[in-house]
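Colleague: I am new to this structure and would be grateful for a close look at one part, the open sheet and its surroundings. Please define the terms as they arise.

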Amino acid sequence: MTIAGSPLPTGHSDPIGVFDSGIGGLTVAAALQKLLPSENIFYIGDTARVPYGGKSRRTIERYSVEIGGLLLAEQAKMIVVACNTASALAVPRMLEVFNVPIQGVVAPGASAALKKTQTGKIGVIGTRATIASGAYERAIRAENPDAEVYSAACPLLVPLIEEGLFDDTITDQVLDRTLTPLLAKGIDTLVLGCTHYPLARNAIARAVGGGVALVDSAENCALAVRDVLQEANLAAPLRQLGRMDVALTDATEGFLRTAEKALELNIGDVQLRMVQNAA
């Protein structure tokens, strides 16, 4: 399912704009770079106001519209909301404001989960705001009303990942506490409903065991973006060698470099963008 507005005339070589509340959305940017090597990508991490997961819908909408405006200033030909919280709460408002295609991560993740499940019992983990929104439940049941969806907020996981504790005893303990109730429901598929979570994929896989398939919203979002670009005739020339530019709203590069190494990205110099009401 593609969420898109009507694109403005733009150059095919203009960048795909990608944003997240912080650095976790680089998992989406990496998936885009791997799938679409000809595309330029401009990524903004709103590190001055991370995390979005505990904020109100109105605040998340305001932040998302502001970052979207910054991406359009970079001539973005479409906007990828590489943040589950913003995807769940802010995409409708962004569609009202912007006249370029908008793609979130929720719908692709929901569709992928339904393709993987054998029993129809699907688990979802994410931030408090994402889980409270019910966005994944609605998206999954819109395609299959008979699916059983069990969700759990995991607010401690993002800080642990941002500390680089991808494989650590405390991370294992947090995951065990969060996932045990879901596993007791008999889920056979687990949606990683936050773009940070793929960085801890090994730890999550250990926690759920071999009988549960993991759905990474980053990979599935990249596939949806490819479809949008083709449908809207916005794809870059195949002969082009794409590049990735990264900007942050606060000069915090520690975890950026950890993610860069984990995702095998070559980011280079990082730009700074100013936002209102930075924490």
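Modeller: The answer below begins with the sheet and then turns to its surroundings.

The model is a predicted one, in which local features need pLDDT of at least 70 and side-chain atom pairs count only at pLDDT 80 or more, while totals for chains, interfaces and linings use all residues. Residues are numbered from 1 along each chain as its sequence is written, and side-chain values use heavy atoms, with hydrogens and water left out.

The open sheet has four strands in the order S6-S5-S7-S8, and the pairing is parallel. Helices (H or I, at least four residues) and strands (E, at least two) are DSSP runs, numbered from the N terminus; two strands pair if DSSP finds at least two bridges between them. Strand S6 (148-153) and strand S8 (213-216) stand at the edges with a single partner strand each, so one side of each has no neighbour in the sheet. On average, neighbouring strands of this sheet are turned by 25° against each other, direction ignored. Such angles are taken between axes, which are lines fitted to C-alpha atoms, for helices over the stretch in contact; angles run from 0 to 180 degrees between N-to-C directions.

At one edge, strand S7 (residues 189-193) pairs with S8 in the parallel sense over four bridges. Within this pairing, Leu192 stands opposite Asp216 of S8. Asp216 counts as buried, at 9% relative accessibility; buried means under 20% relative accessible area, exposed over 50%, and partly exposed in between (1.4 Å probe, protein chains only). A polar atom of the Asp216 side chain lies 2.8 Å from the backbone nitrogen of Ala218. Asp216 also touches Pro198 and Arg201, leaving aside residues up to four places away in sequence. Contact here means heavy atoms within 4.5 Å.

Two helices lie across the strands. Helix H5 (residues 106-116) lies across strand S5 (121-126), S7 and S8, and runs at about 160° to S8. Helix H9 (residues 169-184) lies across S5, S6 and S7, and runs at about 165° to S6.

H5 also leads to the interior. With five residues, helix H5 gives the most to the largest nonpolar core. A nonpolar core is a set of buried Ala, Val, Leu, Ile, Met, Phe, Trp, Tyr and Cys residues joined through side-chain atoms within 4.5 Å. This core has 40 residues, of which Phe19, Tyr52, Ile79, Val81, Ile102 and Ile140 touch the most other members. Ile140 touches Ala110, Leu114, Ile122, Val124, Ala147 and Val149, not counting residues up to four places away in sequence. Apart from this core lies another of 30 residues, including Ile23, Val28, Cys221 and Ala259.

Val28 leads on to helix H1 (residues 26-35), which is mostly covered, with seven of its ten residues buried. The buried residues in H1 are Leu26, Thr27, Val28, Ala29, Ala30, Ala31 and Leu32. Lys34, also found in H1, counts as exposed at 75% relative accessibility.

Some backbone details complete the surroundings. Most residues other than glycine have a negative phi, and most peptide bonds are trans. Asn233, although not a glycine, has a positive phi of about 55°; Asn233 lies in the loop between helix H11 (217-231) and strand S9 (244-248) and is exposed, with a relative accessible area of 53%. A cis peptide bond, with omega about 0°, joins Val50 and Pro51.

Definitions and conventions: Polar contact = N/O pair within 3.5 Å; in protein donor to acceptor, adjacent residues only side chain to side chain.
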